[in-house]
Amino acid sequence: MFVCVIQDVSSVYQIFTDEVLGSGQFGVVYGGTHRQSGRPVAIKVIDKTRFPTKQERQLRNEQAILQNLSHLGIVLLKGMFETMEHVFIVMEKLHGDMLEMILSNEKGRLPERTTRFLVTQILEALRYLHFKHIAHCDLKPENVLLASPDPFPQVKLCDFGFARIIGEKSFRRSVVGTPAYLAPEVISSHGYNRSLDMWAVGVVLYVSLSGTFPFNEDEDIRQQITNAAFMYPRLPWSNISLEAVSLINNLLQVAVRRRFSVGKAMGHPWLQDFQLWCDLREFEKRMGCRYLTHEGDEDRWRCHALERGLVFPSHLTWTPGHDDSL
């Protein structure tokens, strides 16, 4: 159990109120350090007196879900402290988020190679959540955190204030999430399941590759979403692969039964890419942990490289008896 109602957070962590890292669903996130080890942390400070009972339930929901998650693609919860007026959620401190990465790019959008790398990690984190019957319900670039300023950084999902426990066939009806990323079934109140996250992946993918939303926020965005009324303007889409467009089209499907699942998205040709596999293996080698690729794929990619006259990087090969984590 993480919640501590006796010990004062300031005795364990120093909070830097002049270092605002961002604001979440329920409060401000500050930088801080663990007093004993000096390790940097991020501390979300929530003023319980400022929001009604419904939002407090959402806060408790985020606490309960985060406490039961353990995955390299999910932000790590380090501890929770509570007083009569405040809740302090202590998390690992990361570098920035995917939205900042998109906006800081000179073209205002990310290359396909970078987007593939980030989206693969998002999908692996969603695979883990969906396996545990959890829907994130508020997936957007701001909630995709990056662990470093590297060109190919580690991705971690955060902000689980809207997350819901949803069974394989159960449907929720409460309105959740951010309007621009909402799935049609949420807007039309037809009930939703975990596949609403896959619609959001489609929007994130569109935004990353183009730097724009598929739906115009200046007009009736809800009607656009329920009709999947979006287009691919010649610029920049004439410079983006048809395979990327194909994956977006399969994610932004109004009919839930036709929308790609995590597994189908991962198997799509746009994400079955040799350069992506090499980038992921290089990353895993740096991390000292294998969780994004599978050893069974190596023979396939070796044959792929041989058939096309490409160099297969031998240092990326998994060797029996060797563990990347060592």
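Helices here are DSSP runs of H or I with at least four residues, strands are runs of E with at least two, and both are numbered from the N terminus. With that, helix H5 covers residues 196–210, and Gly211, just after H5, takes a positive phi of about 80°.

Now the ground rules. This is a predicted model, where local features need pLDDT of at least 70 and side-chain atom pairs count only at pLDDT 80 or more, while totals for chains, interfaces and linings use all residues. Residues are numbered from 1 along each chain as its sequence is written, and side-chain values use heavy atoms, with hydrogens and water left out.

Back to H5. Its 15 residues reach 22 Å from first C-alpha to last, close to the 21 Å expected at 1.5 Å a residue; that expected span is 1.5 Å times one less than the number of residues. Of those 15 residues, 15 are buried, meaning under 20% relative accessible area with a 1.4 Å probe, protein chains only.

For the whole protein chain, the count is 11 helices and 11 strands. Buried residues are 52% of the 326. Take contacts (heavy atoms within 4.5 Å) between residues at least 6 apart in sequence: 64% join residues at least 24 apart.

Last, the lining of the largest pocket. A lining residue has an atom within 4 Å of a pocket point, on a 1 Å grid with a 1.4 Å probe; a pocket is an open set with protein on both sides within 12 Å along at least five of seven lines. Strand E2 gives the most to this lining, with 3 residues.

Key. Buried < 20%, exposed > 50% of the residue type's maximum accessible area, 1.4 Å probe, protein only.
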